[in-house]
Amino acid sequence: VQGITEAAREVNAPLILQVSKGARAYANHTYLIKLVEAAIIETGLPICLHLDHGDSFDICKSCIDGGFTSVMIDASSKPFEENIELTRKVVEYAHDHGVVVEAELGALAGIEDDVQVSAEESHYTRPEEVEEFVSKTGCDSLAIAIGTSHGAYKFTAAQCTRNEKGELVPPPLRFDILDEVSKRLPGFPIVLHGSSSVPQEYVKMINENGGKMPDAVGIPEAELRQAARGAVCKINIDSDLRLAMTGTIRKFFAEHPDKFDPREYLKPARANIKELVKHKLIDVLGCDGKA
């Protein structure tokens, strides 16, 4: 929280801090709320607290009642009509309490906490469905599937090509789907999940300091910047942050095997989180410091 919000304060950027179902269970709802309240006091920034991948009405309701300002209901694994029904139920309750709702149409492959979707089960968003879905649910933003994937291992080596340096290059995003969705929903906020770029400097740092992360590859930042110039208003970068923290801590212990104080190894990890977030805000999301 400190690394992310300090970076945003320096570039004067509003923030969406999001918590998955698993992270909420791990960290405790009350602690998370108070951490974000502290960040608002310290930075003066407008900060939204968002539930990521809520999979039921009950968890969305609990977060709404508990002070979250935004929730995601992810019923993308259900048939189209069931997705509409559950999403509309959450939207009605959320809007009655001044909370906004993100929904999802299409299914991303990969693993993120409780979300596990195989490549065979994943499918692209169908642009011809988005107008009916948004109209019938009343959702405030829509996550779509255009080729992104959850986790640090987004693609198999067989799905990728290799560049002149021998590095894996993932298949390009389906901007044709994004463009068609944008035409059908002009001005509507679109979200990309599974959009971490998996910074190779941190993958290398992890592997050089006892880790084993072969072939971890993410979405090229140039493609994310292209998406952010259009209808995409929210891009999730959670795997990038985890890699930065893990790599920094591994490197610290390799260089300082006698250290044991969490303040010593978390301080450089927090600093690298801050620098990574500043880079993402400016170079990927296009923050101009005037927000």
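The following exercises, with worked solutions, concern the sheet, one residue in it and the helices of a predicted model.

Local features need pLDDT of at least 70 and side-chain atom pairs count only at pLDDT 80 or more, whereas totals for chains, interfaces and linings use all residues. Residues are numbered from 1 along each chain as its sequence is written, and side-chain values use heavy atoms, with hydrogens and water left out.

**Exercise 1.** Determine the strand order of the open sheet of 7 strands and state which strands stand at its edges.

*Solution.* Strands are DSSP runs of E of at least two residues, and helices are runs of H or I of at least four, both numbered from the N terminus. Two strands pair if DSSP finds at least two bridges between them.
1. The order is 1-2-3-4-7-11-12, and the pairing is parallel.
2. Strand 1 (15–20) and strand 12 (232–235) are the edges; each has a single partner strand, so one side of each lacks a neighbour in the sheet.
3. From one strand to the next, the twist averages 30 degrees.

**Exercise 2.** Describe the surroundings of Ser70 in strand 3.

*Solution.*
1. Strand 2 (residues 47–54) and strand 3 (residues 70–73) are joined in the parallel sense by 3 bridges, and Ser70 is the bridge partner of His50.
2. The side chains of these residues, Ser70 and His50, also form a polar contact of 2.7 Å (a pair of N or O atoms within 3.5 Å; within protein, one must be able to donate a hydrogen and the other to accept it, and residues adjacent in sequence count only if both atoms are side-chain atoms).
3. Ser70 has a relative accessible area of 6% and is therefore buried (under 20%; exposed is over 50%, partly exposed in between, with a 1.4 Å probe and protein chains only).
4. Beyond its neighbours within four places in sequence, Ser70 has contacts (heavy atoms within 4.5 Å) that include Cys48, Leu51, Val99 and Val100.

**Exercise 3.** Locate helix 1 (residues 2–11) relative to the sheet and identify what its buried residues pack against.

*Solution.*
1. Helix 1 lies across strand 1 and strand 2, at about 165 degrees to strand 1 (axes are lines fitted to C-alpha atoms, for helices over the stretch in contact; angles run from 0 to 180 degrees between N-to-C directions).
2. Its buried residues are Gly3, Ile4, Thr5, Ala7, Ala8 and Val11.
3. These residues pack against strand 1, helix 3 (29–43), strand 2, helix 10 and helix 11.
4. After helix 1 comes Asn12, with a positive phi near 55 degrees.

**Exercise 4.** State the angle and axis separation at which helix 10 and helix 11 pack.

*Solution.* Helix 10 (residues 238–255) and helix 11 (residues 262–284) pack at about 145 degrees, with axes 8 Å apart.
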